[in-house]
Amino acid sequence: QIARAEAEAEAFASQKLAEFERRRTAQEEAEAAAEAELEAKRRTLEDERAKAAAELEARRTAATAEFAAQREAATAELDAQKRALEARRDAADREASAAAAELDA
């Protein structure tokens with residue numbers, strides 16, 4: 001009877017130990033899965049951040065290039081207007097000189 005009680009106690013202890021091991025294994029698997037999910041989310045966020053940074057840099061570069069092109073165009077237009085005014089002034093000076101020469105003659 002003692003041997004049977006010991007055997008039952010041993011079986012009960014083995015059963016409880018097996019249950020504990022199953023719960024521990026399930027907990028470890030759940031923790032590993034949660035860690036893997038967090039790592040995947042972290043990588044996704046890093047990828048999105050890198051994409052956003054690249055897009056921002058591309059937009060900044062495009063805006064800088066557009067501004068430079070507009071500035072060059074405006075400068076060229078102003079230079080052309082300046083040359084046209086100088087040409088008109090020179091023509092007016094020549095006409096005034098010619099008229100003065102006629103008056104002197």
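**Exercise 1.** In which helix do Glu57 and Arg60 both lie, and how many residues apart are they?

*Solution.* The structure is a predicted model. Step one is to locate the pair: Glu57 and Arg60 belong to helix α1, with a spacing of three residues, about one turn of the helix. Step two is to examine the side chains, which meet in a salt bridge at 2.9 Å, N to O. This distance satisfies the criterion, because a salt bridge requires the nitrogen to be within 4 Å of the carboxyl oxygen. Step three concerns accessibility: Glu57 is partly exposed at 40%, and Arg60 is partly exposed with a relative accessible area of 46%.

**Exercise 2.** Determine how Glu19 and Lys16 are placed in helix α1, and describe their contact.

*Solution.* Helix α1 comprises residues 2-104. Within it, Glu19 and Lys16 are three residues apart, so about one helical turn separates them. Their side chains form a salt bridge of 3.7 Å, N to O. Glu19 has a relative accessible area of 22% and is therefore partly exposed; Lys16, with 39%, is also partly exposed.

**Exercise 3.** Analyse the salt bridge between Arg43 and Glu39, and identify the network to which these residues belong.

*Solution.* The closest N and O atoms of Arg43 and Glu39 are 3.4 Å apart. The two residues are four residues apart in helix α1, about one helical turn. Arg43 is partly exposed at 44% relative accessibility, and Glu39 is partly exposed at 29%. Salt bridges link Glu39, Arg42, Arg43 and Glu46 in a network. Across the whole structure, the search finds ten salt bridges.

Notes:
Residues numbered from 1 in each chain as written. Predicted model: local features only at pLDDT ≥ 70, side-chain atom pairs only at ≥ 80, totals over all residues. Heavy atoms only, no water. Buried < 20%, exposed > 50% of the residue type's maximum accessible area, 1.4 Å probe, protein only.
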